[in-house]
Every structure is written in C-alpha cells, then in structure tokens.
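Ready to work through a structure by hand? Grab a pencil, keep the sequence beside you, and try each exercise before peeking at its solution.

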Amino acid sequence: MIQLLRIELYKIFKRPRTYISFGIVAAITFVIQLAMLTDGKTFIGFAIQGINEQFDIQGNMLNGYLVTYIILQSLLIHIPLLVALVAGDSLAGEANMGTLRLLLTKPITRPKLVLIKFVSSFLYTVLLIIWLAVVALFFSILLFGTGDMINLKSEAFIMILKDDVLWRYFAAFGFATLAMTTIASLALMLSAFADNSIGPIISTMGIVVVLTILSNLEIPLFSHIKPYLFTTHMIGWKGFFDEPIPYAAIGKSCMVLVAYTVGFLATTIFYFNRKDIKT
Amino acid sequence: MMKRLVLLAGIFCLLATSVWAIEANELFNTMRTKVLSVKDYTADVKMKIDVTYMRIPQLKGTLYFKSPDKMRLERHGGLSIFPKKNINLTLSNLIPTGQVAVLDLGPTTRNGKKLRVLKVIPEDEQGNIVLTKIWIDETNLLAVRTETTTRNDGTVIMDLEFGNYIPFGLPDKVTIFMDVKDYKLPKGVAMDYNDDHINDTKPKDGKGTKGTIQIQYLKYTINTGLKDDIFKGKKGEE
C-alpha cells in the first residue's frame, strides 16, 4: 500500500504541471503583497472610513496578519482549480494514457486503488496549503510585520490581539485543507466517470463556480438549499477570525464537508468497482 | 406693612440667589483649577470599548496625557483606538474653559454620596461644548459625573470613580457613555463569513446607538513634563 502511494506521489510530482499550481499560488500571493505594499494604506483608509468618522485608530493596521487574510480571501476561490488539476487527472489521466488497465492487472483491489489515488491527491492538497501558508503568512509577516489584526465585516469591526492571531491561522489552514479535500474527492469522482482528464477538471470547476454563485446569491429561493451546498461551508475558515468564534457553525461546516468527501469517495469506489475498463 | 414684608422677602430671595450663584461659581472654579492643575500624566491603563458594532478585547497599555488635549495610548506595537479628538477621554476636555455661566441645580444623592449638581454654560458660542452638567463631591472637590452636550458629537456622559489619586483629582476608573453612529461597509470590501446571522450585531432599528468606554487607571506618574514628541504618530502608523 505504501509502495503504491509512493508510486502515485512520484507520478504526481514528476509532472511539470504539478508545479504550475505552486507557481500560481506564489505569483498571486506576491502580486497581492506588492499591491498592498504600494496601495495598502489607501485600501485600509477606504475600508475603515466609517470607523474613522468616530474613532482614531493608531498603529500598524496593514500588518502581515491582515495582508494574509486578504490573500486567503482572494486565493482560496482559485485553489479548487489547482486541486482539480491533479485530482481530476488521477484516474481519467491513466485511462487516457492507456495505463489504467495495466495498473489493474496488478494484485490490488479497485477500492484500494481509488483510496490510494485519493490519499495521494489529499497529500498534494496538504502540500499546496502548506505552500500557501508559507508564501502568504511567512512572507507577509516578513514584509509587513506583525500586530493586532483587524477584521472588517460589513456590519462589524473586529480586533484580534496579535498574540491571539497565529493559532487562528493554523486552524484556518487546517479547515482550508478539509475544504480542498472535498474538492479533491469531487474531482476524483468525476475522474472515475471520464476517460480523459480535461472533462473532470472543467466539470469540477464548473460545479464549484455554479454552487459558489448559488451560495452567495441573496435570493430567498436559494436560501433553503444553501445550507446543504458544500461551497457554502468552504469559507468556514473565516469563522476563526470572528469574535466570539462561532465554533458550532464551524463544526457544522466541517461535518458537511466530511460528509460530502465521504459521499464522493464512496460513489467513486462504487462506480469504479463496476466500471468496464476498456483502456 | 404688607408691602414692606413683600419687599423684604424679595430682597432676601435676590440676595440668596446671588450668594448661591457665587458659591456655585466658586465651587466650579475651584474644582476646575484642581482638574487643570494636572499638566500631564503617564498611566498604566486597561481599556474596554463596548460599541455595538465593535468587537474589541480589553486593551492594556500606557496612556500619555498632556494638557490641554494631547493623548496617546501606547500598546507596544499593538493598535490603539480612541474616540475622535473632540470627545477626549479626559475630564479637563469635558469641562468648559474660559468664561462660563454656572447655575446651581441643588443637592442630590448618588450611590449614597451627597453631591451638588451644577450646570455650566460656556460663553464661547463657537466651542464644541454647548453645556455641561457636573455632579460634584464638595468634600473632596471632585467631579464624579459629567454630562456634556456637544455641538457635533451628541451627549457624552462620564462617570468617575476615585481612590488613590484624590488630591490630584485623577480617577481610578472612568466610564464614558457616548452616542455612536451606525457602521456599514460595502460587501465588496468586507471580509464577511456567511454564518454572520449568528453574530448579528446591527441595531434592529438601524439608528445610531450608545457606546461605552471604560478605562481603569492602574498607576499614575503626574506632572513630569512630557514632551510633545510622544504624541506624534510613529513611522508606519495610520
């Protein structure tokens, strides 16, 4: 099992396109950091003008913690595409190259193969999130320093003391890993349905985009289905930057994401077990 | 005979009113002189801001004050939040300066303590303070409560509790009640989380509301001749 996992990881990290994801994460992060370095104070000034009418806020508001939050807010929408690039290719890519049938001649059950593909996609996701944490958090702290973090919500101004911030980021990155694992399991399921990798990757992104729009639309028609969409719960990481932290809501989001992940994985195993492999 | 009695009573009332007015003026001026005798101080403080739309933990830091209106909270790299300068957090800024008219509203009891209530109206019509009501502890010459109506910032009520620094008229604890306006940030800039209905903080009527700021003064260092440089924003600060 470990040997097969090693082989899967070798296949993932041998491909140059795997590193494109890491490059894209770094590029977007550095662009936002550059924008914040040059124009961040204007952005903050605009954002807090309502507060500034009544209160004077002194100190380094544009610190690494706030910049990281802005980066995550912008970037975690795009990470699903990068996860789908690998997970969507894992079964369909093999089928496309004609290696799936050969692979299944080995003494390994189909469910086990699906699980190995899932674990390798999960490990890739974890590495991508760790990379995001390094370039976003570490470099932002390096460039902008640390300090108390402000969280500007549409109807609330939240301030978190600097000693209380870092653990929230670790929790948020942990939550983001869970959310991206759900995407990986969705892409893997779609990958089992297809014989070429483009279809599952585009389908995953299509589903994510459509459901994200539904999750964000303030229309009563969709208010009943919103709590059941995984995209509604993918932004649960933001809850760690609220005060008080809505643990119940975060826990509920975690359960929904775990349920979707298990559901997608079970469907993949069920379907792949019965699939007629022709390539 | 009757006419003389009425005349005497009238003269007595007039004299009594003017004597009270002088007493009230003296009381206010003595109290103001005591408050203004503190030219500067440095104090270790704990500050709690309780405004409907603000969720801020208790802030600890060092508060620098220099008469008449310079104030700075140093939080060793952290953020400090103050109401705008015209609603300063010091008593000296909520007591009118210059020529004033003082009206004696008589004695009252508050928290078991006998107090005298004065209404002070500044003669300067351009200033931010329209009128101030002051509850004075005559024994210690301390203002224990002020209610200041400002031209631009609504009404500011300040409750003061004294302990170790009575000779300087400096409080151990100050609670400020002030009017605050609504706060709303465009969705495009906001960092919202979809489960916000759980923590809905918006006042239901959509109008402005009251805010409270509580400052606990732990230790004062008084009249050390603080330099103006302390009150200038440091590099990188907003």
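Below are some exercises on this predicted model, each with a worked solution.

**Exercise 1. Work out how much of chain A and chain B is involved where they meet, and what area is buried there.**

Solution. Start with the residues: 49 of them in chain A are in contact with 46 in chain B. Next comes the area, and here's the background: the size of an interface is often given as the accessible area lost when the parts come together. Between chain A and chain B that buried area is about 4500 Å². Carbon and sulfur atoms give 54% of it.

**Exercise 2. Find the polar links between chain A and chain B, then describe chain A's side of the meeting place.**

Solution. Begin with charge. Side chains of opposite charge can pair when their charged atoms come close. Between the two chains, the count is two salt bridges. One of them can be located through Asp242(A), which pairs with Arg55(B); their closest N and O atoms are 2.5 Å apart. Now widen the search: 10 residue pairs are in polar contact between chain A and chain B, counting pairs with both residues at pLDDT 80 or more.

Which parts of chain A supply at least two residues each to the side touching chain B? The list includes the helices α2 (16–47), α4 (64–75) and α13 (247–274), along with the strands β1 (55–58), β2 (149–153) and β3 (156–160). Sort that side of chain A by class and you get 23 nonpolar, 16 polar and 10 charged residues.

**Exercise 3. Look for strands that pair across the two chains.**

Solution. Take β1(A) to begin with. Four bridges join β1(A) to strand β5 (residues 80–83) of chain B, and the two run antiparallel. To spot the pairing on screen, find Ile57(A), which stands opposite Ile81(B).

Then move to a sheet that both chains build. Three strands line up in the order β2(A)-β3(A)-β2(B), making an open sheet with mixed pairing. Its edge strands are β2 of chain A and β2 (54–55) of chain B, each pairing on one side only. Inside this sheet, β2(A) and β3(A) are antiparallel and joined by five bridges. Asn151(A) has Ile158(A) as its bridge partner there.

**Exercise 4. Trace the 10-strand sheet of chain B and explain why one side of β4 and of β6 has no neighbour.**

Solution. Write down the order: β4-β3-β1-β12-β11-β10-β9-β8-β7-β6, an open sheet with antiparallel pairing. Check the ends. β4 (70–74) and β6 (100–110) of chain B sit at the edges with a single partner strand each, so one side of each has no neighbour in the sheet. From one strand to the next, the twist averages 25 degrees.

Now zoom in on β11 (residues 173–180) of chain B. Six bridges pair this strand with β10 (residues 155–161) of chain B, and Ile157(B) has Phe177(B) as its bridge partner. Eight bridges pair β11(B) with β12 (residues 209–222) of chain B, where Lys173(B) is partnered by Gln216(B).

**Exercise 5. Count the salt bridges over all chains, and explain what the one between Glu8(A) and Lys117(A) ties together.**

Solution. The total over all chains is 21 salt bridges. In the one between Glu8(A) and Lys117(A), the N to O distance is 2.9 Å. Glu8(A) belongs to helix α1 (residues 2–14) of chain A and Lys117(A) to helix α8 (residues 110–144) of chain A, so the pair ties together parts 109 residues apart in sequence.

Notes:
Residues are numbered from 1 along each chain as its sequence is written. Chains are lettered from A and ligands numbered from 1 in the order in which they are written. This is a predicted model: local features need pLDDT of at least 70, side-chain atom pairs count only at pLDDT 80 or more; totals for chains, interfaces and linings use all residues. Side-chain values use heavy atoms; hydrogens and water are left out. Contact means heavy atoms within 4.5 Å. Buried area is the accessible area (1.4 Å probe) that two parts lose on being put together, summed over both. A salt bridge is a side-chain nitrogen of Lys or Arg within 4 Å of a carboxyl oxygen of Asp or Glu. A polar contact is a pair of N or O atoms within 3.5 Å; within protein, one must be able to donate a hydrogen and the other to accept it, and residues adjacent in sequence count only if both atoms are side-chain atoms. Ala, Val, Leu, Ile, Met, Phe, Trp, Tyr, Cys and Pro count as nonpolar, Asp, Glu, Lys and Arg as charged, and the others, Gly among them, as polar. Two strands pair if DSSP finds at least two bridges between them. Axes are lines fitted to C-alpha atoms, for helices over the stretch in contact, and angles run from 0 to 180 degrees between N-to-C directions.
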